[in-house]
Amino acid sequence: MSFSTDRPRSWQTCIACGNETVDIDPATRCRQCGGLLEVRHRAPDITRDELLRRFTERRGGPRGAGATSGVWRFRELVMPSAELIVSHPEGNTPLLHRTALDEYTGIPELLLKHEGYNPTGSFKDRGMTVGVTQAVRIGARAVACASTGNTAASLAAYAAQARLAALVLVPAGGVAAGKLAQAVAYGAQVFAVRGDFDDSMRLVEESGARLGVYLLNSVNPYRIEGQKTIILELLQQLAWEPPAWIVVPAGNLGNLSAFGKALRELRDYGVISRIPRLVGVQAAAAAPFAAGFADGFRTRHTVRAETVASAIRIGNPASWDRAVQAIRETDGIVLTATDDEILDAKAAVDRAGIGCEPASAAAVAGARQLARTGRIAPGERVVAVLTGHLLKDPGLPATEPVAIEPTVSALERAIDAAARD
Ligand code: F0G
C-alpha cells in the first residue's frame with residue numbers, strides 16, 4: 001500500500017450516509033446529509049497488553065502533558081494526534097460503594113462512578129477537554145453551546161483556559177443556580193432563550209455558522225471521544241473486568257452514545273470480551289427515547305419535556321441515532337423514573353453522604369427498578385453513573401433552616417420541636 005492511501009490516525013465518518021471527512025474538519029454535522037459524525041481511529045499499532053500497560057503507568061505517572069488526566073491517559077483511544085492539550089486535568093473520579101445504597105436499591109454491590117468529582121462538577125469536563133483541544137487545533141476563535149447548565153459551566157471553564165470566547169444559550173428560567181453561576185463567573189457570554197432547551201439547541205445550531213463559532217454540544221463528535229473515558233476509567237478501576245450492567249441518566253443522549261462507542265472499540269481492540277448491558281434512564285415526562293425504545297426505535301419521538309431534574313429536561317435529543325446504536329449493540333434498555341422516584345433516590349444518595357444532583361439520581365432510581373423487577377441475576381455487578389455534584393442544584397430539596405435566638409435554651413427547644421415533626 002502506498003503512503004498516500006494509508007489511513008490517517010483519525011478521521012470522521014457520517015453515521016447516516018457513510019461520508020468521510022478529515023479529522024480537522026470543523027463541521028459538526030455531515031456536509032452531505034446533515035447526519036451525526038463519528039470520529040474513527042486507526043487501531044493502535046501496539047498490542048492490547050502494551051496499551052493497558054501504558055494506561056496503568058500513566059495513572060500513577062508524573063504531572064504534565066496531560067498525564068494526570070483521566071481523559072488523556074487514554075489518548076490512543078481518544079485523540080492520538082493531540083499535541084496542545086487543554087486540560088485542567090479532569091477525570092480520575094472515584095468508584096464508590098455504600099451499604100446503605102445496596103439496601104436502598106436491593107442490589108448486592110452497587111458501584112457508583114461519581115462524575116461530580118470533575119473540576120466543574122460534572123462529566124461534561126471529559127468531553128470538553130477534548131472538544132476545546134479540537135477547537136484550538138482547528139484555529140477556532142469562539143466556541144458555543146446550548147445547555148441545561150452543566151455543558152455551559154464546563155464550556156465556559158475550558159474556553160477561559162484556552163482564551164477562547166464562549167457563547168452559551170440556556171432555557172430562560174430552566175437552569176439550576178450553581179451551573180449558571182459557574183458559566184457567568186468563568187466569563188462566558190450567557191443568554192437566556194425564551195423557550196426550552198430544545199429551542200436553545202435549535203438556535204445555536206442554526207446560528208453557529210453565521211456567527212463563526214465552533215459548536216461544542218455533544219453533536220460534536222470530539223465531545224463523545226472524551227466521554228468514552230468514563231467507561232475506560234471505570235473498567236480500568238475494575239481491572240478490565242466488565243460489570244453486567246451500566247446505568248446512566250439519559251437526556252441529550254451524548255453519554256449513551258459515548259458508552260456504546262467505547263464498549264464497541266474495546267471489544268474490537270480485544271480489551272474486553274464481554275459487553276455490559278447499557279441502561280438509559282429518562283425522567284417520566286421527558287422520555288422521548290424511552291418511547292422510541294418501546295416501539296423498537298421505529299420512529300423518532302419528540303416531547304415537550306417536564307421534570308424537576310432540569311439537566312435532563314430535553315424533548316428532542318440530539319444524539320438519537322448514535323444512542324439507538326448503543327442500545328442495540330449492548331442489548332441495552334431504556335427506563336423511565338418519575339420525579340418522585342428521582343427525588344427519593346437523590347435523598348438516598350445524599351443521606352449516604354455522597355450527594356448528587358437530581359438528574360444523576362435517575363441512574364440510582366433506574367438501578368433500583370432493575371433490581372425490583374428481577375432483571376438483575378444473582379452475582380451480576382451493576383455500576384450507576386452519577387453525572388453531577390450535589391451543589392449544582394442547591395435548591396432541591398428546599399432547605400431553609402429554622403432560625404433561632406443565640407441561646408442554649410432556644411437551641412434545645414428547636415431540637416425538641418424538630419424531633420416532634
Ligand atoms: N446528567 C447531568 C447532570 C447532565 O447535565 C446531563 C446533560 C445528563 C445527565 C444527560 O446526559 O445529555 O449525555 O444524555 N446535560 C446537558 C447540559 C444537556 O447542557 O448540561 P446526556
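Which polar backbone atom is 2.8 Å from an oxygen atom of the ligand? One that fits belongs to threonine 148. Before going on, note that this is a predicted model, where local features need pLDDT of at least 70, side-chain atom pairs count only at pLDDT 80 or more, and totals for chains, interfaces and linings use all residues. Residues are numbered from 1 along each chain as its sequence is written, and side-chain values use heavy atoms, with hydrogens and water left out.

Here are three polar contacts of the ligand (pairs of N or O atoms within 3.5 Å):

| Residue | Atom on the protein side | Distance to a ligand oxygen |
|---|---|---|
| Threonine 148 | polar backbone atom | 2.8 Å |
| Asparagine 150 | N or O atom in the side chain | 2.8 Å |
| Asparagine 252 | polar backbone atom | 2.8 Å |

On its own, the ligand has 480 Å² of accessible area (Shrake-Rupley method, 1.4 Å probe), and the protein covers 99% of that.

Now for the surroundings. There are 19 residues around the ligand, and Ser147, Asn150, Gly251, Asn252 and Thr387 come nearest; to be near, a residue needs a heavy atom within 4 Å. By type, the shell has seven nonpolar, ten polar and two charged residues, with Gly counted as polar and Asp, Glu, Lys and Arg as charged. Domain 2 (95–121 + 223–392) and domain 3 (124–220) both give residues to this shell, so the ligand lies between them. The domain bounds come from an automatic or database domain assignment.

Away from the ligand, there's a cis peptide bond between histidine 88 and proline 89, with omega at about 10°. Asparagine 92 isn't a glycine, yet has a positive phi of about 55°.

Notes. A polar contact is a pair of N or O atoms within 3.5 Å; within protein, one must be able to donate a hydrogen and the other to accept it, and residues adjacent in sequence count only if both atoms are side-chain atoms.
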